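Here is a briefing on one chain and the spaces enclosed within it. Please look over the sequence and the structure before reading on.

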Amino acid sequence: MKTDKANSENGYKPFVRQCFLTASVALNIVAHGCVIGFPAILIPALRLPDSEIKATASQESWIASIVGFALIMGNFIITPLMDGVGRKKSHLLTILPIFAGWFSLLMAESVTWLILARFLQGVAMGMLGPLGSIIIAEMTDPKNRGAFLTSVSLSLTIGVLFSHSLGAFFSWQQSSLICSFITFTSLILIIYNPESPSWLISKGRYQEGEEIFFWLRGRTPDQETEFENMITAQKSLRKSSILGQDVSFSVRLRRFCIYVNQTFRKPEFYKPIIIMFVLYTMFQFAGINVISSYATDIIRQVVGPDANAKVLMVVLDIERLICNLGAVFLMKTMKRRTLLFSSTAVCIFSYLGKSYYVYARENNSLPFTSQWIPITLIGLYMFSLTVGISSIPFTISGEIFPLEYRAFGGGISVLALSFNFFVAVKSFPVLTSAVGLSITYLMYTGVVVVCLSVLYFMLPETKDRTLQEIEDSFRGMSAADRKCAEPLNGTYDNGMRRCSSHTLF
């Protein structure tokens with residue numbers, strides 16, 4: 001009976017706890033997916049003759065893209081909060097601006113109010129961007145971490161589908177009210193979450209960290225080894241830090257400048273930063289947020305003006321949801337690099353195919369016309385985005401940063417996500433008006449190809465590796481090097497005591 005109870009404690013119960021924790025993050029992200037998809041129902045509604053609020057083409061692009069600009073502010077806000085007040089309190093604080101944004105939308109009477117509401121929602125998204133992946137990565141088992149992290153892109157997909165579906169039945173004001181209830185539900189779940197054990201350990205609160213770590217993960221030999229390695233690494237870092245020292249502000253400032261200078265020279269910091277910058281840039285120019293924001297316009301330009309854009313938009317969202325569910329399985333079975341490179345290759349092919357089709361149709365050089373050709377190309381494009389390109393960046397972002405720099409590095413790297421969100425979404429209608437859709441697709445394809453080439457040489461494989469092993473690999477530290485760093489009273493797997501000399505006296 002004891003054995004059965006222990007197996008339950010080390011298997012079923014920890015998994016359920018990790019699912020509950022992931023659900024709190026995922027539900028919050030669903031609301032952010034609603035934010036991304038909201039322009040697709042808001043902008044067409046503003047164009048209707050009976051709309052009380054009128055917007056110019058330039059204002060429409062600002063309504064869609066201001067979220068990307070606001071993301072940057074959210075990134076700067078969350079970076080010190082993650083380390084200062086902890087993961088849980090930071091997560092709670094992300095609720096405030098998105099709540100304010102939904103209710104501002106509900107009461108908006110001008111374009112200015114709409115843009116302000118979207119800005120507030122963008123701040124919330126910028127705060128949760130690095131935080132959500134870090135919370136899931138730190139508090140879930142490495143064997144299931146990839147699948148749990150895939151819930152980030154899955155939740156965004158559900159949010160986009162939900163907002164697009166609401167637009168078919170409700171006004172945009174009613175839709176914003178309904179979306180606010182998703183945020184409220186996530187708030188309830190977050191309240192019952194524990195603090196991250198990794199953050200507690202980084203602050204020297206080892207006993208609290210130990211209790212929560214094994215409560216979340218169960219107590220098995222693998223979990224104990226991972227916990228001991230994390231404790232050893234953090235104790236070594238704290239010994240060389242200035243925590244607890246009573247020094248003047250000028251001394252602290254000078255030491256901080258030295259710390260920043262040294263940090264940016266460390267491969268375990270700058271390599272993940274470069275990788276995430278390139279990943280996030282490729283993610284945005286692959287066009288996932290572009291098609292979410294301008295879905296109906298893109299469908300009419302690619303398929304034709306007589307296409308039923310609203311129906312096709314919802315169909316694409318359903319496809320995106322199904323593919324995201326499949327991505328959870330693929331993330332658990334396939335290597336990260338294999339999934340990323342294969343899905344991006346399909347994306348490049350579909351980009352080129354859409355570009356050629358639009359160009360040929362505009363120049364009347366198609367041998368025959370059929371809506372199924374562009375619909376198939378768009379479907380293939382959505383498949384490639386969903387199964388790899390939109391899931392891998394959020395998975396990798398929670399895995400490759402060392403614990404010491406996880407908040408700092410995550411906050412800096414996500415600036416690329418925010419900036420490129422704004423550039424890609426803001427520039428898309430401008431480019432399509434200036435050079436046409438086919439040339440715009442070719443330009444976006446060029447960015448994707450360059451990014452993929454850089455990742456081929458820099459991106460490591462992270463599947464089924466602990467966060468400590470990934471951290472050590474960027475430092476150039478092998479498993480044998482980590483064993484040498486353990487205390488001398490440690491033991492090998494066979495029970496023999498470690499010794500500093502090969503000769504025993």
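Accessible areas come from the Shrake-Rupley method with a 1.4 Å probe; for residues, only the protein chains shown count as cover. On that basis, about 22400 Å² of the chain is exposed, and 66% of this comes from carbon and sulfur atoms. The model is predicted.

**The chain overall**

- The chain holds 24 helices and zero strands.
- Of its 505 residues, 54% are buried.
- Take the contacts with a separation of 6 or more: 82% of them join residues 24 or more positions apart.

**Cavity count**

- Nine cavities of 30 Å³ or more turn up when the whole structure is searched.

**The largest cavity**

- The largest cavity encloses about 220 Å³.
- Its lining is made of 17 residues, and M125, G129, L156, F394 and L417 are the closest to the centre.
- Five helices each give at least two lining residues: α2 (12–37), α7 (111–139), α8 (142–167), α14 (267–285) and α21 (406–434).
- The top contributor to this lining is α7, with five residues.
- Sorted by class, the lining of the largest cavity counts eleven nonpolar residues, six polar ones and no charged ones.
- Both domain 1 (9–193) and domain 2 (266–481) take part, each supplying at least three residues to the lining of the largest cavity.

**The second largest cavity**

- The second largest cavity holds about 120 Å³ of space.
- It is lined by 14 residues, with S198, E226, M230, L467 and Q468 the closest to its centre.
- At least two lining residues come from each of α7, α12 (221–239) and α23 (467–475).
- The class make-up of this second lining is four nonpolar, four polar and six charged residues.
- Domain 1 (9–193) and domain 2 (266–481) each provide at least three residues to the lining of the second largest cavity.

**The two linings side by side**

- Helix α7 supplies at least two residues to the lining of the largest cavity, and at least two to that of the second largest.
- What does each lining hold in charged residues? The largest cavity has no charged residues in its lining, whereas the second largest has six.
- Nonpolar residues number eleven in the lining of the largest cavity and four in that of the second largest.
- Domain 1 and domain 2 each contribute at least three residues to the lining of the largest cavity, and each contribute at least three to the lining of the second largest.

Terms used:
Residues are numbered from 1 along each chain as its sequence is written. This is a predicted model: local features need pLDDT of at least 70, side-chain atom pairs count only at pLDDT 80 or more; totals for chains, interfaces and linings use all residues. Side-chain values use heavy atoms; hydrogens and water are left out. On a 1 Å grid over the protein atoms alone, a cavity is a set of points where a 1.4 Å probe fits but cannot get out, and a pocket is an open set with protein on both sides within 12 Å along at least five of seven lines; lining residues have an atom within 4 Å of a point. Grid points are joined across faces, edges and corners, and a volume is the space filled by probe spheres set on the points. Helices (H or I, at least four residues) and strands (E, at least two) are DSSP runs, numbered from the N terminus. Ala, Val, Leu, Ile, Met, Phe, Trp, Tyr, Cys and Pro count as nonpolar, Asp, Glu, Lys and Arg as charged, and the others, Gly among them, as polar. Domain bounds come from an automatic or database domain assignment. Buried means under 20% relative accessible area, exposed over 50%, partly exposed in between (1.4 Å probe, protein chains only). Contact means heavy atoms within 4.5 Å.
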